[in-house]
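The following exercises concern a predicted model. Each task is followed by a solution in steps.

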Amino acid sequence: MNLRTVRALLLKYAFICSRNTFRAMDVFFWPLMDLLVWGFLTLYLLKVSSAVPTLITFLIGAVIMWNILYRAQQVISVSFLDDVWNRNLLNIFAGPVRLSEYVAATYVTGILQSLIVLAILSSAAALFYSFNIFEIGLVFGAFFVNLLLMGWSLGLLTTGVIVRFGPPAEALAWAVPFLIQPVSAVFYPVSVLPPFIQPIAKLVPASYVFEGMRQILEHKTYDPNGLLISFALNVVYMLIAAFVFRHFFEEARNKGLLAKYGS
Amino acid sequence: MFENIVEVRNLRKEFAADAVAVKDISFCVNKGEIFGLLGPNGAGKTTTIHMMLGLTRPSSGSIKIFGKDIEKDRVEILQRCNFASAYVYLPWNLKVWENLFIFSEIYGIKNRKEKIEYLLELFEIENLRNKITGTLSAGEQTRLNLCKAFLNDPELLLLDEPTASLDPDLADKVRKILKQLQKERSITVINTSHNMLDVSELCERILFVQHGNVIAEGRAEELMAKFGGASLEEVFITIARSSRLEGALGK
Ligand SMILES: Nc1ncnc2c1ncn2[C@@H]1O[C@H](COP(=O)(O)OP(=O)(O)OP(=O)(O)O)[C@@H](O)[C@H]1O
Ligand SMILES: [Mg+2]
């Protein structure tokens, strides 16, 4: 792995984003809209019903953390799509660029964008709803890491499918997170899911993070085992994602697809 | 003594049972040679170039560049090569210099700024330095692609229709630049083109491919003598039509 190559690819992405308003909106605008809609909805719920006041912290915490996962996943697939849409993919892979370097660069953009989203949303939540996500404590760091890892795996898998199946699969870059959202326990506990779906939720690393967040907000304690399971699952999924991605990439090389999408 | 830079042996690419892009192509290219891959549309030229760059995996056969196998030592080989095609672009919303800067990073160029300035001047687009790449004309894009292709002082340059959208004046200049670099640095070039002037003026040796097979190989004059044509264009048309006829007769 050559760090210089990773840096060059990161620079490319920074240039692309800095000059693309719509790409910047993905980081600065849409997550904020998400927070505001959910935030005001909960304010309204508190007014018209006797819902517990922790409801607002649950939902706002969930929106912030969900957006971290969502950004990490999306940026990985979209930065690949950028190279396809720019018809630049061939120039990249006709150069001395290893697949691992290419993926590493997208992972780093995933970290950076998740951190930016976190900064924006946590400030907005403090400002509008007097909610401080960092009150969760140091364990928030572990939540963040697990969400990021899951975002990476999902992003890499999505990219792999796009590499292999081409333009018809492009919409997955935006859709995949919503496929797993129902079983990620983002806005409700796993226990409210139908019994036959609960085992699926237990295989989703993010479900432990969101459950952990609610435990802390409500009872000021959390179950460290949940986080360990989440991390272990993430490691397994990262390996599977890397394996599947490499397989799809090789298959694309076999079918001449890189050349087809890349030019 | 000639030094083989490129050695392609029995290359075959079968995308599907009914889509064999390259059937059996073998050739060698010597150091400092400008080599032309010629053939009608769909002959398998681009597929061959993509296999040489490791972008497409061959079904069988071997590709050795600098004595190394592209499938095994891809990054090492590509560090010493470069590629330009009229159909591959650089990110459209970046400025010209930003694109060149990024690729100079990818190739690990030392004196980046000077190199970029030198190339922009060489291809006469120094005034476009701060322009957004997507706003360039087709010919300006082509010249930018060529700038990118020369960033790392490649020992081997793979060009897929590099002059496709250049006006005759600039196409002539590009040919001269290639000739000059060949003289100064013994750069090796593999070039595909449908511009017969390009091929006859530049290429010392020509490989004529059709339907994924090698039909003929030699210098332009040799091909003209063998197939009886007054120009390379005539030779091209003779070979292409005869084998299209064969194809139509189901031979
Ligand atoms: N990924 C692919 N899948 C299936 N068939 C392909 C693929 N890529 C190329 N082909 C087929 O292989 C043949 C050779 O294509 P190639 O692009 O190598 O031709 P070429 O010699 O470069 O032609 P041109 O002069 O038009 O550029 C064509 O018939 C093409 O349809
Ligand atoms: Mg071609």
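**Exercise 1.** Determine in which helix M196(B) is located, whether M196(B) is buried or exposed, and which residues M196(B) is in contact with beyond its sequence neighbours.

Solution.
- Step 1. M196(B) belongs to helix α7 of chain B, which comprises residues 196-202.
- Step 2. The relative accessible area of M196(B) is 9%. Buried means under 20%, so M196(B) is buried.
- Step 3. With neighbours within four places in sequence set aside, the contacts of M196(B) are L38(B), L232(B), E233(B) and F236(B).
- Step 4. S231(B) lies 35 residues from M196(B) along the chain, and their C-alpha atoms are separated by 8.7 Å.

**Exercise 2.** Carry out a similar analysis for L89(A): state its helix, its burial and its distance in space from L258(A).

Solution.
- Step 1. Helix α5 of chain A, residues 89-93, contains L89(A).
- Step 2. L89(A) has a relative accessible area of 1% and is therefore buried.
- Step 3. Between L89(A) and L258(A) the C-alpha to C-alpha distance is 7.4 Å, although the two are 169 residues apart in sequence.

**Exercise 3.** Identify the residues that touch the most other members of the largest nonpolar core, and list the contacts of F143(A).

Solution.
- Step 1. The largest nonpolar core has 170 residues, and those touching the most other members are F143(A), V6(B), F27(B) and I190(B).
- Step 2. The element that gives the most to this core is helix α4 of chain A (residues 54-85), with 18 residues.
- Step 3. Not counting residues up to four places away in sequence, F143(A) touches M65(A), I136(A), V209(A), G212(A), M213(A), I216(A) and L227(A).

**Exercise 4.** Classify the crossing of helices α7 and α8 of chain A, and describe the residues that form the contact.

Solution.
- Step 1. The axes of α7(A), residues 139-165, and α8(A), residues 172-180, come within 10 Å and cross at roughly 130°.
- Step 2. This angle makes α7(A) oblique to α8(A).
- Step 3. The crossing of α7(A) and α8(A) is right-handed.
- Step 4. From α7(A) the contact draws on M150(A), L154(A), T158(A), V161(A) and I162(A), and from α8(A) on L172(A), A173(A), V176(A) and I180(A).
- Step 5. By type, the residues of this contact comprise eight nonpolar, one polar and no charged.

**Exercise 5.** Establish how many residues of helix α1 of chain B are buried, and which residue follows α1(B).

Solution.
- Step 1. The buried residues of α1(B) are K45(B), T47(B), T48(B), I49(B), H50(B), M51(B) and M52(B).
- Step 2. Seven of the eight residues of α1(B), residues 45-52, are thus buried, so this helix is largely enclosed by the rest of the structure.
- Step 3. G54(B) follows α1(B) and has a positive phi, near 75°.

**Exercise 6.** Compare the settings of S130(A) and E124(B), and state what phi each adopts.

Solution.
- Step 1. Most residues other than glycine have a negative phi.
- Step 2. S130(A), which is not a glycine, has a positive phi near 50°; for E124(B), likewise not a glycine, the positive phi is about 55°.
- Step 3. S130(A) is in the loop between α6 (99-129) and α7 of chain A, whereas E124(B) is in the loop between α4 (112-122) and α5 (138-150) of chain B.
- Step 4. S130(A) is exposed, at 68% relative accessible area, while E124(B), at 38% relative accessibility, counts as partly exposed.

Methods. Residues are numbered from 1 along each chain as its sequence is written. Chains are lettered from A and ligands numbered from 1 in the order in which they are written. This is a predicted model: local features need pLDDT of at least 70, side-chain atom pairs count only at pLDDT 80 or more; totals for chains, interfaces and linings use all residues. Side-chain values use heavy atoms; hydrogens and water are left out. A nonpolar core is a set of buried Ala, Val, Leu, Ile, Met, Phe, Trp, Tyr and Cys residues joined through side-chain atoms within 4.5 Å. Buried means under 20% relative accessible area, exposed over 50%, partly exposed in between (1.4 Å probe, protein chains only). Helices (H or I, at least four residues) and strands (E, at least two) are DSSP runs, numbered from the N terminus. Contact means heavy atoms within 4.5 Å. Axes are lines fitted to C-alpha atoms, for helices over the stretch in contact, and angles run from 0 to 180 degrees between N-to-C directions. Angles under 35 degrees count as roughly parallel, over 145 as roughly antiparallel, 65 to 115 as roughly perpendicular and the rest as oblique. A crossing is left-handed if the near helix is turned anticlockwise from the far one by less than a right angle, and right-handed if clockwise. Ala, Val, Leu, Ile, Met, Phe, Trp, Tyr, Cys and Pro count as nonpolar, Asp, Glu, Lys and Arg as charged, and the others, Gly among them, as polar.
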